[in-house]
Amino acid sequence: SVVMGIGEGTDVLLTLATRSGSVTIDLPQGAPIRLEILDDGSGSVRVPAYLTRRSGNGDTGVWQSSAFERGGRVINITVVDVGSGSITFR
């Protein structure tokens, strides 16, 4: 299992592939965030309510924060493989 925090004002480009362990990523709620999940595997994916789905269905698709349109230092996360472990964004 892994817990990772991304701080406010951070410019991040993260590509994530998991297997059987759980992953929790703490996000700053007011930041410009784009989250894209390409493969949902058998593990569960939890996305916070402040991220709005822009496309997709089920556990795959694109979510963005309301601050994403403003730009600036953007947190851009792409999940390419969920595997059997859960991924929680909070």
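This section describes the overall fold, the nonpolar core, the salt bridges and several individual residues of a predicted model.

The protein chain contains 0 helices and 9 strands, and from the N terminus on its elements run β-β-β-β-β-β-β-β-β. The radius of gyration of the chain is 12 Å, close to the 12 Å that the globule rule gives for 90 residues, so the chain is as compact as a globular protein of that length. Along its principal axes, the C-alpha trace spans about 35 × 25 × 20 Å. Of the 90 residues in the chain, 41% are buried, and the surface that the chain exposes comes to about 4700 Å², with carbon and sulfur atoms supplying 46% of that area. Among the contacts with a separation of 6 or more, 66% are accounted for by residues 24 or more positions apart.

The largest nonpolar core comprises 20 residues, of which Ile25, Leu27, Leu35, Ile75, Ile77, Val79 and Phe89 touch the most other members. Two or more residues of this core are given by each of the elements β2 (12–17), β3 (23–26), β4 (33–37), β8 (75–81) and β9 (87–89). The surroundings of phenylalanine 89 can be listed in detail: when residues up to four places away in sequence are not counted, phenylalanine 89 touches Ile25, Leu27, Leu35, Ile77 and Val79, and also Arg46, Val47 and Pro48.

A search of the whole structure for salt bridges finds 3. In one of them, the side chains of arginine 19 and aspartate 81 meet with an N to O distance of 2.2 Å. This pair links distant parts of the chain, since arginine 19 lies in the loop between β2 and β3 whereas aspartate 81 lies in strand β8, 62 residues apart. Arginine 19 counts as exposed, because its relative accessibility of 57% is over the 50% cut-off. A salt bridge is also formed by arginine 90 with aspartate 26, the closest N and O atoms being 2.4 Å apart. Here arginine 90 belongs to the segment after β9 and aspartate 26 to strand β3, so the pair ties together parts that are 64 residues apart in sequence. Both partners are partly exposed, arginine 90 with a relative accessible area of 48% and aspartate 26 at 26% relative accessibility. In the remaining salt bridge, the side chains of glutamate 36 and arginine 34 meet at 3.3 Å, N to O, and glutamate 36 counts as partly exposed at 21% relative accessibility.

Strand β8 holds several residues whose surroundings were examined individually, among them asparagine 76, threonine 78 and aspartate 81. Asparagine 76 is partly exposed, with a relative accessible area of 22%, and, not counting residues up to four places away in sequence, it touches Val12, Leu13, Leu14 and Arg34. The C-alpha atoms of asparagine 76 and serine 66, which are 10 residues apart along the chain, are separated by 14 Å. Threonine 78 has a relative accessible area of 16% and is therefore buried, the cut-off being under 20%. With residues up to four places away in sequence again not counted, threonine 78 touches Leu14, Thr15, Leu16, Glu36 and Leu38; Glu36 is the residue whose side chain meets that of arginine 34 in a salt bridge. Aspartate 81, under the same exclusion of residues up to four places away, touches Leu16, Ala17, Thr18, Arg19 and Asp39. In addition to its salt bridge with arginine 19, the side chain of aspartate 81 reaches the backbone nitrogen of glycine 83 at 3.1 Å.

Glycine 83 also appears in the surroundings of serine 42, which touches Gly83 and Ser84 when residues up to four places away in sequence are not counted. Serine 42 is placed in the loop between β4 and β5 (45–46), and serine 42 is exposed, with a relative accessible area of 64%. The C-alpha atoms of serine 42 and threonine 24, 18 residues apart along the chain, are separated by 16 Å.

Note on methods:
Residues numbered from 1 in each chain as written. Predicted model: local features only at pLDDT ≥ 70, side-chain atom pairs only at ≥ 80, totals over all residues. Heavy atoms only, no water. Core = buried A, V, L, I, M, F, W, Y, C linked by side-chain atoms within 4.5 Å. Buried < 20%, exposed > 50% of the residue type's maximum accessible area, 1.4 Å probe, protein only. Helix = DSSP H or I, 4+ residues; strand = E, 2+ residues; numbered from the N terminus. Contact = heavy atoms within 4.5 Å. Salt bridge = Lys/Arg side-chain N within 4 Å of Asp/Glu carboxyl O. Rg over C-alpha atoms; globule rule 2.2 N^0.38 Å. Areas by Shrake-Rupley, 256 points an atom, 1.4 Å probe, with all protein chains shown as cover. Polar contact = N/O pair within 3.5 Å; in protein donor to acceptor, adjacent residues only side chain to side chain.
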